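Here are a few exercises to work through with the model open in your viewer. Try each task before you read its solution.

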Amino acid sequence: MRYLIEIWTILSLLKKEPSRILSPYLSMIDSHIHYLHVQRTKPHVEFHLHRGCEIFFLIQGDVKYFVEKTIYPLRFGDLIITNEHEIHKPSFSTEALYERITIEFTPAMAELFQTDRFNPLDCFYNRPNGQRNKLAMDPKETSLMSNLFQKYEYFQNNPADGDAILKLGCFMEILVLINRLFKQQPPSTGMETHHKLTPVLDYIELHLDQDLSLDCLEQKFYINKYYMLKLFKKHTGSTIHEYIVSKRIGMAKKLLVEGCDVMEACLKSGFNDYTSFLRMFKKKVGLLPKDYVKSVR
C-alpha cells in the first residue's frame with residue numbers, strides 16, 4: 001500500500017499541466033514502456049545496447065549475465081538493471097528452458113516523476129557502468145515483484161479504455177520498489193572475467209579509437225589470437241569483435257549526447273568507415289545517429 005501512496009503522491013505533483021506533460025507518453029505508452037515475457041530453449045543473444053534503460057527479471061534458466069566487464073550468475077528472482085551506455089548479454093550454461101521478463105523504457109518519461117526526495121532513475125545512473133547491476137531479492141520481495149509484472153502483463157493482454165494510465169502506474173510501482181532494493185542491499189560485485197581476458201578488456205575500454213584487431217591484441221598481450229577467440233567465446237558466448245563493436249557504439253552514443261557531430265563521433269569511437277558506422281549504429285540502437293540525438297533531446 002505504501003508503494004501506491006508514494007506513486008500517487010508523485011503523480012499529484014503533475015496536476016498543473018498533466019495533459020501537456022504526460023499525453024505524449026500515454027498516447028504511445030507501448031513505445032515508451034516495452035514489456036516482453038519470453039520462454040524458449042537456449043537462444044543466441046549477442047552483446048547489445050538499448051535506446052533507454054532495461055529491467056531484466058529471470059524466471060528460470062541456467063544464466064550468467066554479462067554487463068560491461070562483469071559476469072553475474074543468476075537464479076530465479078534476480079534482477080539486472082542497465083542503462084543505455086552499458087553493453088550486456090545473457091550467456092547460457094545448459095540447454096535448460098529459459099524464461100525471463102524484460103522492460104525497456106524511456107528514461108525521460110520516468111524522469112518526470114523525480115522529486116526532491118526520490119529519483120526513479122537513481123539506481124540506473126548513480127553507479128559506475130558495469131557495477132551494481134544485479135539485485136537479489138528474498139522470497140517476499142520476489143513475490144511482490146512477480147505480482148507487479150503479472151499485473152502489467154494483464155493490462156498488456158487485456159486492452160481497454162484507460163489502460164495506458166494503469167500501465168504507467170504499475171510501471172512506476174516497479175521503479176519505486178527497484179530503487180528501494182538498490183538502496184537497501186549491499187553492492188553486488190559479480191564475477192571477474194578469466195584472468196587472461198581481464199587485461200584485454202581493460203585495454204579495449206581505454207583504446208576504442210585505436211587499432212583493436214586480433215593481430216594487434218595478440219602482439220600486445222602475447223596470447224595466441226585463436227586461443228583468445230576460443231576463451232572469449234567460452235566465457236561470454238560471443239566474439240571479441242562483437243564486444244568491440246558494441247563498446248564503440250556505446251562510446252558513439254555518449255559522444256553524440258555530449259554534442260559531437262555524427263562524423264566526429266564516428267572517428268572518436270574507432271570507426272574508420274562512415275557508412276559502416278551508420279549501418280552498425282542503426283543495427284545496434286534501432287535509429288540512425290541523428291535520429292538518436294533527437295530522441296534523447
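**Exercise 1. Walk across the sheet**

Task: Work out how β1 is joined to β7, then find which strands stand at the edges of the sheet.

Solution: Start with β1 and strand β7 (residues 98-105), which run antiparallel and are joined by eight bridges. To pin down the register, look at V38, whose bridge partner in β7 is R100. Keep in mind that you're looking at a predicted model.

Next, go to β2, which is joined to β7 by seven bridges, again antiparallel. Here E54 has E104 of β7 as its bridge partner. Then step on to β5: β2 and β5 pair in the antiparallel sense over four bridges, with F57 bridged to L79 in β5.

Now put it together: the open sheet has five strands in the order β1-β7-β2-β5-β8, with antiparallel pairing. β1 (33-40) and β8 (134-135) each have a single partner strand, so they stand at the edges with one side lacking a neighbour in the sheet.

**Exercise 2. Covering the sheet**

Task: Find which strands helix α6 touches, and say how many of β2's residues are buried.

Solution: Helix α6 (residues 139-157) packs on the sheet and touches β1, β2 (53-60), β5 (79-82) and β7. The direction of α6 makes about 105° with that of β1. As for β2, six of its eight residues are buried, so call this strand mostly covered.

**Exercise 3. Two helices crossing**

Task: Describe how α8 and α9 pack, and which residues make the contact.

Solution: Two packed helices are described by the angle between their axes and the distance between the axes. For helix α8 (residues 198-206) and helix α9 (residues 214-221), that's about 120° and 11 Å. The pair is therefore oblique, and α8 passes α9 in a right-handed crossing. On the α8 side, P199, V200, Y203 and I204 make the contact; on the α9 side, L217, K220 and F221 do. Sorted by type, the contact residues come out as six nonpolar, no polar and one charged.

**Exercise 4. A glutamate in a helix**

Task: Is E242 buried or exposed, and which residues does it contact beyond its neighbours within four places in sequence?

Solution: First locate E242, in helix α11 (residues 240-257). Its relative accessibility is 13%, and the cut-off for buried is under 20%, so E242 counts as buried. Leaving aside neighbours within four places in sequence, E242 is in contact with E46, F47 and K284. M137, by contrast, lies 32 Å from E242, C-alpha to C-alpha, and 105 residues away in sequence.

Note on methods: Residues numbered from 1 in each chain as written. Predicted model: local features only at pLDDT ≥ 70, side-chain atom pairs only at ≥ 80, totals over all residues. Heavy atoms only, no water. Axes fitted to C-alpha atoms, helices over the stretch in contact; angles between N-to-C directions. Parallel < 35°, antiparallel > 145°, perpendicular 65-115°, else oblique. Left-handed = near helix turned anticlockwise from the far one by under 90°. Contact = heavy atoms within 4.5 Å. Nonpolar A, V, L, I, M, F, W, Y, C, P; charged D, E, K, R; others polar. Pairing = 2+ DSSP bridges. Buried < 20%, exposed > 50% of the residue type's maximum accessible area, 1.4 Å probe, protein only.
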